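Q: I would like to learn how to read a small fold step by step. Could we go through one together?
A: Gladly; let us look at it and take one feature at a time.

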Amino acid sequence: MRVRTGDEAERGLLVFVDGALAAVLVCLSDAYGEEAGQWFLEAGFGSLASPQPQIFSDLDAAETWIARRLGG
């Protein structure tokens, strides 16, 4: 899924929980320097909403964070 986050569309991932959209993750492009290739929580809904920007080193780290926030 491509996500338009600014001037360019970046690779994204929709996260569904029990059939409902729970989050949108975006893989940071080369424009982000050292953070390129990491995953950013572009939007989180319900218990995945976060007032503080979340950046994950990889999808496994994002999955672990999501599971913790969902209580499982």
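Q: How many bridges join strand S3 to strand S4, and do they run parallel or antiparallel?
A: Keep in mind that this is a predicted model. To read a strand pairing, look for the bridges between the two strands and then for their direction; two strands count as paired from at least two bridges on. Here S3 (residues 20-27) and S4 (residues 39-44) are joined by five bridges and run antiparallel. For a landmark, find Leu 25, which has Leu 41 of S4 opposite.

Q: Which strand is joined to S4 by two bridges?
A: That is S5 (residues 55-56), and this pair also runs antiparallel. Here the residues to look for are Trp 39 and, opposite, Phe 56 in S5. S4 thus has bridges to S3 and to S5.

Q: In what order do the elements of the chain run from the N terminus on?
A: Read them off as a string: β-β-β-β-β-α. In total, that is five strands and one helix.

Q: What does the radius of gyration of the chain agree with?
A: The idea is to set the value beside the one expected for a compact globule of equal length. For 72 residues that expectation is near 11 Å, and the chain has 12 Å, so the two agree. As for outline, the C-alpha atoms fill a box of roughly 35 × 20 × 20 Å along the principal axes.

Q: What share of the residues counts as buried, and what does the chain expose?
A: Buried residues make up 28% of the 72. The chain exposes about 4700 Å², with 50% of that supplied by carbon and sulfur atoms.

Q: Is Ser 29, in the loop between S3 and S4, buried or exposed?
A: Go by the relative accessible area, where buried means under 20% and exposed over 50%. Ser 29 has 15%, so this residue is buried. Leaving aside residues up to four places away in sequence, Ser 29 touches Glu 8, Glu 10 and Ala 36.

Q: And where is Gly 46, and is this residue buried or exposed?
A: Gly 46 lies in the loop between S4 and S5. With a relative accessible area of 64%, Gly 46 is exposed. From Gly 46 to Leu 21 the C-alpha distance is 9.8 Å, while in sequence they are 25 residues apart.

Q: How far apart are the mean positions of the positive and negative charges?
A: Average the places of each kind, then compare the two points. For the 5 positive and 11 negative charges of this chain, the mean positions are 4 Å apart.

How values were computed: Residues are numbered from 1 along each chain as its sequence is written. This is a predicted model: local features need pLDDT of at least 70, side-chain atom pairs count only at pLDDT 80 or more; totals for chains, interfaces and linings use all residues. Side-chain values use heavy atoms; hydrogens and water are left out. Helices (H or I, at least four residues) and strands (E, at least two) are DSSP runs, numbered from the N terminus. The radius of gyration is taken over C-alpha atoms; the globule rule is 2.2 Å times the number of residues to the power 0.38. Buried means under 20% relative accessible area, exposed over 50%, partly exposed in between (1.4 Å probe, protein chains only). Accessible areas come from the Shrake-Rupley method with a 1.4 Å probe; for residues, only the protein chains shown count as cover. Lys and Arg count as positive and Asp and Glu as negative; His and the chain ends are not counted. The place of a charge is taken as NZ of Lys, CZ of Arg, CG of Asp or CD of Glu. Contact means heavy atoms within 4.5 Å.
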